[in-house]
Amino acid sequence: MSAAQKIQQHPLFVQAQKKALYYNDQLDKELTKYPVLTNFEQRTAVPKTYAVLGGIVLLTFLHSFNAFAAPISNLVGWGLPAYLSFKAIETPSPHDDVQWLTYWTVFGFFNFLESFALRVVLYYVPWYFAFKSLFIIWLQLPVFRGAQVTYFTIIKPVLANVSSSSKAAAPATTNPETTAHTE
């Protein structure tokens, strides 16, 4: 028996192989929800799980080069969400519209804050764009509902606080319904 055969029959290798097949099947079930990936698989004969995992590896590789990190991170934040937002507009259900409106609100807020602090963050946080891309993916994936969590825990309270303080600072105006109009 060769060394390769011994390794392939080792219980840990067999267990790892079974786990990998299980997760591959789970990913395939999730990716079947997206007709674009199914069409890609039919046209190219490349399994959609391999295409997605290959894309992730490619993005990870490109993140390792600093010149590509920012554009790739922005592409991750814009590409798929733009396509899925387009698809959401075309569906009659408002559920997906709310998901993507929330995503774009959080993404815009995050990019606005980033525009002020990017130089400082890049100085102190190595691999910032890789972390940003992971954060953006967390925001996008419906299973995590990251955009909704961020919106309701951070953005909504901030905007509600700003809104209530601006109402308190505004001078009292008369209600046009209660004032008598004289001609």
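Q: Given that pLDDT is the predictor's confidence in each residue, from 0 to 100, which element of the protein has the lowest mean pLDDT and which the highest?

A: This is a predicted model, in which local features need pLDDT of at least 70, side-chain atom pairs count only at pLDDT 80 or more, and totals for chains, interfaces and linings use all residues. Residues are numbered from 1 along each chain as its sequence is written, and side-chain values use heavy atoms, with hydrogens and water left out. Helices are DSSP runs of H or I with at least four residues, strands are runs of E with at least two, and both are numbered from the N terminus. Among the elements here, helix 1 (residues 3-9) has the lowest mean pLDDT, 85, and helix 7 (residues 128-140) the highest, 91. The protein as a whole averages a pLDDT of 85, and 91% of its residues score at least 70.

Q: Where is the pLDDT below 50?

A: Where pLDDT is low, the predicted coordinates should not be read in detail. Here the pLDDT is below 50 over residues 175-183, a stretch with two contacts (heavy atoms within 4.5 Å) beyond near neighbours in sequence.

Q: At what angle do helix 5 and helix 6 pack?

A: Axes are lines fitted to C-alpha atoms, for helices over the stretch in contact, and angles run from 0 to 180 degrees between N-to-C directions. Helix 5 (residues 66-90) and helix 6 (residues 94-124) pack at about 150 degrees, with axes 9 Å apart, which makes them roughly antiparallel (over 145 degrees; under 35 is roughly parallel, 65 to 115 roughly perpendicular, the rest oblique). Their crossing is left-handed (the near helix is turned anticlockwise from the far one by less than a right angle; clockwise is right-handed). Residues in this contact include Trp 78 and Pro 81 of helix 5 and Trp 100 and Phe 107 of helix 6.

Q: How do the residues of that contact divide by class?

A: Ala, Val, Leu, Ile, Met, Phe, Trp, Tyr, Cys and Pro count as nonpolar, Asp, Glu, Lys and Arg as charged, and the others, Gly among them, as polar. The contact of helix 5 with helix 6 has ten nonpolar, two polar and two charged residues.

Q: How does helix 6 pack with helix 7?

A: Helix 6 and helix 7 pack at about 165 degrees, with axes 11 Å apart, and are therefore roughly antiparallel. Helix 6 passes helix 7 in a right-handed crossing, and among the residues that meet are Phe 110 and Leu 118 in helix 6 and Phe 135 and Leu 139 in helix 7.

Q: Where does UniProt place the transmembrane region feature?

A: The unreviewed UniProt entry places "transmembrane region" at residues 50-80 and 100-125; positions follow the numbering used here, feature names are shortened, and annotations may be inferred rather than shown by experiment. Residues 50-80 are 94% helix, with end C-alpha atoms 18 Å apart, while residues 100-125 are 96% helix, with end C-alpha atoms 29 Å apart.
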